[in-house]
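Visitor: I am new to this structure and should be grateful for a close look at a single part of it. Please set that part in its wider context as well.

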Amino acid sequence: MCYPRYLVKGRSTLFDPIELARVTESIVCKHVNGRQLRKYDDFYVVWVYGGIATGYAVGCNLRCYFCWSYISRDFPERYGTYYSPEEVVASLRRLVIEHGVDKVRISGGEPTISRDHLLQVLELVEQIPEIKLFLLETNGVLLGYDESYVRELAQFRKILVRVSLKAGTPEKFSERTGAKPEYFELPFKAIKHLLRHGIPVYVAAMTDPRLMSGEERLELMRRLAEVDPDLVKNLEEESVEPYETTLMRLEAAEVDIPWESLES
Ligand code: SF4
């Protein structure tokens, strides 16, 4: 496949996000002595969720035009440093101790792309008493595609999964992420798989009214309620923030956001 970068209005071709995950994994991961190393941009504590030590992984299998991730998302071959699972957990543990927090996560890109790496990180996290919770933030595409992946995650006790929805209809999913519309259902399937396997899960959705109509928002809620009405009650609704990378991606996709409207 021709590797997709940020979406450019009228020029981007819709892609298969499963195939893109495979190609991205071949760029951002390598196996060394039975361990899977993955590229990261950085590690630091962010003061959300009461403080959480965060590793910023390189590479994603969607191309959301509102994404705030580093530019490494679009050019993963140019950015990042390979870290083994041991190095990742050591970096997170150091941050946890230095800053007095007890939660960790992998953010930035899509953590599920590197399955072996993620599972190896989770195994190690289970053994670190200072880490009480691992927040898995995911777009849900790979967890919806392959239930056996979710089954493997179910063995870990410290995991909490946050599935982030991008749209309420297949057409809008494609428009905002660059993925083909038939993959729209996968994040909903991921949520079903997670619930079936008893993994704690909650849902976030990019329902910013500057991007999503009220009608589409209701459709998203309706689909979520079909999975479990409690998910709607606890839904985290996200807004677009004017990060430098977000502004660049919005401009390339020719999406005009009235920033001042939320301040007034
Ligand atoms: S918003 Fe999340 S799923 Fe979308 S491109 Fe960025 S990292 Fe990937």
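In strand β3, which residue is the bridge partner of Val45?

Guide: The bridge partner of Val45 in β3 is Ala53. The model shown here is a predicted one, and the description that follows should be read accordingly. This pair is a suitable place to begin, and the strands around it come next.

Strand β2 covers residues 35–46, and strand β3 covers residues 52–57. The two run antiparallel and are joined by 6 bridges. Together β2 and β3 form a hairpin, with 5 residues between the strands. Within that turn stands Tyr49, whose phi is positive, at about 55 degrees. This is a positive value in a residue other than glycine. Tyr49, in the loop between β2 and β3, has a relative accessible area of 31%. Partly exposed is the term for Tyr49 because this value lies between the 20% limit for buried residues and the 50% limit for exposed ones.

β2 also pairs with other strands. With strand β1, residues 29–32, β2 pairs in the antiparallel sense over 4 bridges. Here Cys29 has Arg38 of β2 as its bridge partner. The strands β1 and β2 form a hairpin too, with 2 residues between them. In that hairpin Asn33 takes a positive phi, near 50 degrees. With strand β4, residues 81–83, β2 again pairs in the antiparallel sense, over 3 bridges. One position in this pairing is Tyr40, which stands opposite Thr81 in β4. The strands β1, β3 and β4 are thus each paired with β2.

Another group of strands pairs in the parallel sense. Strand β7 comprises residues 159–165, and 6 of its 7 residues are buried, so β7 is largely enclosed by the rest of the structure. β6 and β7 are parallel and share 5 bridges; in one of these pairings, Glu137 has Arg162 in β7 as its bridge partner. β7 and strand β8, residues 201–206, are likewise parallel, with 5 bridges between them. Arg162 appears here again, with Tyr202 in β8 as its bridge partner. Arg162 is therefore a bridge partner both of Glu137 and of Tyr202, because DSSP finds bridges from β7 to β6 and to β8.

Before β6, which spans residues 133–138, a loop leads from α3, residues 115–126, and Pro129 has its place in that loop. Pro129 is exposed, with a relative accessible area of 56%. Between Pro129 and Arg93 there are 36 places in sequence, and their C-alpha atoms are 9.6 Å apart in space.

The helices offer a further view. Helix α6 spans residues 170–177, and its buried residues are Phe173, Ser174, Arg176 and Thr177. The cover over these buried residues includes α8, residues 214–227. Glu216 lies in helix α8 and counts as buried, at 6% relative accessibility. Apart from its neighbours within four places in sequence, Glu216 is in contact with Ala167, Gly168, Thr169, Lys172 and Arg176. Arg176 is one of the buried residues of α6. Just after α6 comes Gly178, with a positive phi of about 85 degrees.

A positive phi is found at Glu254 as well, near 60 degrees, in a residue other than glycine. Glu254 belongs to the segment after α10, residues 244–253. At 58% relative accessibility, Glu254 counts as exposed.

The wider setting may now be described. The secondary structure of the protein chain comes to 10 helices and 9 strands. The radius of gyration of the chain is 18 Å, close to the 18 Å that the globule rule gives for 264 residues, so the chain is as compact as a globular protein of that length. Along its principal axes, the C-alpha trace spans about 45 × 40 × 40 Å. Of the 264 residues, 53% are buried. Among contacts between residues at least 6 apart in sequence, 77% join residues at least 24 apart. The chain exposes about 11900 Å², of which carbon and sulfur atoms supply 50%. There are 34 positive and 41 negative charges, and their mean positions are 3 Å apart.

To return to the opening pair, Val45 and its bridge partner Ala53 in β3 belong to the antiparallel pairing of β2 and β3.

How values were computed:
Residues are numbered from 1 along each chain as its sequence is written. This is a predicted model: local features need pLDDT of at least 70, side-chain atom pairs count only at pLDDT 80 or more; totals for chains, interfaces and linings use all residues. Side-chain values use heavy atoms; hydrogens and water are left out. Buried means under 20% relative accessible area, exposed over 50%, partly exposed in between (1.4 Å probe, protein chains only). The radius of gyration is taken over C-alpha atoms; the globule rule is 2.2 Å times the number of residues to the power 0.38. Contact means heavy atoms within 4.5 Å. Accessible areas come from the Shrake-Rupley method with a 1.4 Å probe; for residues, only the protein chains shown count as cover. Lys and Arg count as positive and Asp and Glu as negative; His and the chain ends are not counted. The place of a charge is taken as NZ of Lys, CZ of Arg, CG of Asp or CD of Glu.
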